[in-house]
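User: Could you zoom in on a single part of this model and walk me through it? I'd like to know what sits beside it and how covered it is.

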Amino acid sequence: MFAKRQSALAAAAGSPPPSRMPKIDPKAVLAVLKRPPVAVGGAGLLLFAAIALFLTVLGDPRAGTPSARVALKRESAPAPAAPTGLEAFSMGGFAAWQGLSDPALLGEGGAAGGEALITLPDGATVAGGSAIAAPIIPAQPLTPAPIAGLSQPGPNGPLPVIATDGRVPAQAYARPFTPNGRPRVALIVGGLGLNAVTTRAAIERLPAEVTLSFVPYAEDLQGWIDLARRQGHEVLIEIPMEPTGYPNNDPGPQTLLANATPEDIDARMAWLLGRATGYFGVTNYLGDRFVTSDAGMSAFLGILRQRGLAFFDDGVARRRPGAWSRASADTIVDETQTPAAIIARLNALEAAAKTRGAALGTGFAYPVTVEAAARWTAGLEARGVQLAPASALAARPGR
């Protein structure tokens with residue numbers, strides 16, 4: 001038994017060991033590769049394999065090309081410049097000015113920051129920043145509007161009229177004034193009603209004798225006029241008039257045009273005057289072209305005369321008499337909107353009052369104007385000048 005097993009092992013010793021892998025039939029493999037799907041897949045694999053081998057051997061094909069890295073940084077938008085009076089007046093452009101006065105800065109602190117301080121004759125200082133730091137002045141209330149008998153219903157709101165007993169809005173709504181024999185100086189601050197911060201600051205921080213003029217397009221115009229009168233200010237309404245360059249230079253809706261008919265002017269004035277009650281007169285906004293129209297100015301002034309209203313202009317209509325009472329400004333105090341320039345104009349206005357006995361100035365409710373006017377007016381009495389409401393400088397035609 002042992003010998004037979006040994007012989008079997010010896011016989012198998014020279015033979016190769018049996019393979020454990022399955023036998024592959026070349027013909028079967030070739031038949032599979034000839035199938036179209038398999039052929040396409042195989043070609044794709046060969047392509048990817050060739051690309052991988054190329055990159056491995058040669059490296060990055062873009063390694064020899066020039067390259068650059070740039071750090072991109074978005075520049076912050078420049079702050080909008082302070083608008084002109086026209087931009088601030090018109091509803092479309094006024095938003096650019098809204099941020100120039102921060103309500104948080106309207107406290108009782110020192111002078112507003114941002115520019116060198118300007119020292120007034122009485123030692124007070126003024127700066128040209130965006131805050132208004134002048135103190136709040138105690139109220140000196142006027143008679144609430146409307147006063148009975150001085151208005152009648154109109155197509156767009158109550159219109160001023162002369163009362164049956166002869167009372168006129170130009171007197172009834174004016175601030176009472178008693179001269180003391182000193183030179184008189186008056187100041188009108190306009191453009192009010194659109195910016196809530198500067199409007200409230202002008203009402204509360206300017207002396208009651210300073211006359212305030214309001215934009216007819218202001219939202220809640222009656223509320224602003226009531227607030228101004230409760231503080232003690234007499235009030236004007238601003239009338240937009242055609243300027244040179246109209247319509248590119250556009251004062252806004254309901255502008256009085258130089259070529260308008262009397263009927264058109266009457267209709268537009270009814271809209272403008274019907275916006276509120278409690279004003280003693282009107283003032284122009286722009287209008288250097290309109291005031292050259294004899295027909296237009298005659299219709300305009302005739303309406304004011306019939307309704308018992310005063311007319312104040314910024315100097316553009318100096319040679320145009322009419323209305324129930326009239327006055328023209330001697331200077332615009334803030335054509336240059338810096339503390340130094342405004343104080344220089346106010347000082348010149350004061351000097352003119354001392355020379356001629358009375359002088360009238362106008363300005364726009366820029367924060368720097370309100371701040372400068374508040375500080376300047378505070379020292380007038382000590383300098384021998386009486387601050388008067390604008391109505392006190394108006395004259396009746398022929399008187």
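Analyst: **A strand and its neighbours**

Let's start with one residue pair: Phe 214 stands opposite Ile 237 in strand 7. Keep in mind that this is a predicted model, where local features need pLDDT of at least 70, side-chain atom pairs count only at pLDDT 80 or more, and totals for chains, interfaces and linings use all residues. Numbering runs from 1 along each chain as its sequence is written, and side-chain values use heavy atoms, with hydrogens and water left out.

Strand 7 covers residues 235–241 (strands are DSSP runs of E, at least two residues, numbered from the N terminus). On one flank, strand 6, residues 211–214, pairs with strand 7 in the parallel sense over three bridges (pairing takes at least two DSSP bridges between the strands). On to strand 8, residues 281–286: strand 7 pairs with this one in the parallel sense too, over six bridges. Here Met 241 has Leu 286 of strand 8 as its bridge partner.

So how covered is strand 7? Seven of its seven residues are buried, so the rest of the structure largely encloses the strand (buried means under 20% relative accessible area with a 1.4 Å probe, protein chains only). Both faces of strand 7 are covered. One side carries Val 235, Ile 237, Ile 239 and Met 241, all buried. Turn to the other side and you find Leu 236, Glu 238 and Pro 240, again all buried.

Put the pieces together, and Ile 237, opposite Phe 214, shares its side of strand 7 with Met 241, the bridge partner of Leu 286.

Key:
Buried means under 20% relative accessible area, exposed over 50%, partly exposed in between (1.4 Å probe, protein chains only). Helices (H or I, at least four residues) and strands (E, at least two) are DSSP runs, numbered from the N terminus.
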